[in-house]
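Visitor: I'd like a close look at a single part of this protein. Please take me through it step by step.

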Amino acid sequence: MIKIKNLEKTYNNNFKAVKNMNLEVKKGEIFGFLGPNGAGKTTTIKMITGIIQPSSGEIFVNGLNIKKDPLKIKQSIGYVSDEPLLMEKLKGIEYIKFICDMFEVPPLERENRLEKLLKHFKLGEAINNPISSYSHGMKQKLSLISTLIHNPDLWILDEPIVGLDPESAFILKKMMKNHTQNNKTVFFSTHIMEIAEKVCDRIAIINKGEIIFMGTIEQLKENKGNESLEDLFLEVTESESEKIDFSYLD
Ligand SMILES: Nc1ncnc2c1ncn2[C@@H]1O[C@H](COP(=O)(O)OP(=O)(O)OP(=O)(O)O)[C@@H](O)[C@H]1O
């Protein structure tokens, strides 16, 4: 579903945020993209979704090249950004209508889906209020609803659980599983190891712009011994956390 070949991104300040990345996400998979702050997750996601241009390398989505068919690819992707950028002056319902119009969702379908999504994420009457009055979590929910309402084949979710209350997080995880059972695909980034362990078919761990592990959680554990996922993550990303001296706080 997603194929990335020798992908690199160097920002204008000459900082290389993604280095020679090769990655494949299969149809029907929940693929977790893990890494510490600043590792290059959002940069990679923005390249896959066509928001920023790679410096070199290639990205294919469903066999199409992002350089040649960006619009077709964008139509098949539902993208939730780590910082939901919504049109704050609109009411939630106006924003949903705008998205449905853009993706040409037929009226009956949008009504049915909206009713269910509002119920699942418990946004309720707030959908009629201006987005500017929403909390961070409510904006996150609206962003998810606006993404799922056009029923894209490929969900690309950047830190989707952050800001969600436990019930909505639970619902989203169930939705992700349900989506892939229909041979559709979910690619999402997270810092939360337990979520990766619970829902992902495979993961990639990125550190300093490079993929340092790709496979199943079981393979990661086999490679490194049966430690907790958190310990494994700290180990493969060469975190110094274990050695930090906190005595100055005593
Ligand atoms: N527009 C930019 N110009 C220059 N450097 C950038 C730009 N955007 C990101 N970076 C740098 O690229 C690196 C990767 O950033 P990115 O946002 O992709 O990381 P991330 O893995 O998503 O981090 P987090 O988990 O904190 O969201 C960071 O060092 C960041 O400072």
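Which residues of helix 6 are buried?

Guide: Bear in mind that this is a predicted model. The buried residues of helix 6 are Ser168, Leu172, Met176, His179 and Thr180. Seen down the helix axis, these buried residues fall within an arc of 105°, so they line one face of helix 6. The other side carries the exposed residues: Pro166, Glu167, Phe170, Lys174, Asn178 and Gln181.

Now the helix itself. Helix 6 runs over residues 166–181, 16 residues in total. From first C-alpha to last it reaches 23 Å, close to the 22 Å expected at 1.5 Å a residue. Just after helix 6, Asn183 takes a positive phi of about 65°.

Next, the packing. The buried residues of helix 6 pack against three helices and three strands. The helices are helix 4 (107–121), helix 5 (136–148) and helix 7 (193–199). The strands are strand 3 (30–34), strand 7 (154–158) and strand 8 (185–190).

Val186 gives a view from strand 8. Leaving aside neighbours within four places in sequence, Val186 is in contact with Met176, His179 and Thr180, among others. Those three are buried residues of helix 6. Val186 also contacts Ile30, Phe31, Trp155 and Leu157.

Val186 belongs to the largest nonpolar core, which has 59 residues. Within this core, Ile145, Ile156, Val186 and Phe187 touch the most other members. Helix 5 supplies the largest share of the core, five residues. Helix 5 is also one of the elements that the buried residues of helix 6 pack against.

How values were computed. Residues are numbered from 1 along each chain as its sequence is written. This is a predicted model: local features need pLDDT of at least 70, side-chain atom pairs count only at pLDDT 80 or more; totals for chains, interfaces and linings use all residues. Helices (H or I, at least four residues) and strands (E, at least two) are DSSP runs, numbered from the N terminus. The expected span of a helix is 1.5 Å times one less than its number of residues. A residue is buried if 20 or more other C-beta atoms lie within 10 Å of its own, exposed if 12 or fewer, and partly exposed in between; C-beta atoms are placed from the backbone. The arc is that of the directions from the helix axis to the C-beta atoms. Two residues are in contact if their C-beta atoms, placed from the backbone, lie within 7 Å. A nonpolar core is a set of buried Ala, Val, Leu, Ile, Met, Phe, Trp, Tyr and Cys residues joined through C-beta atoms within 7 Å.
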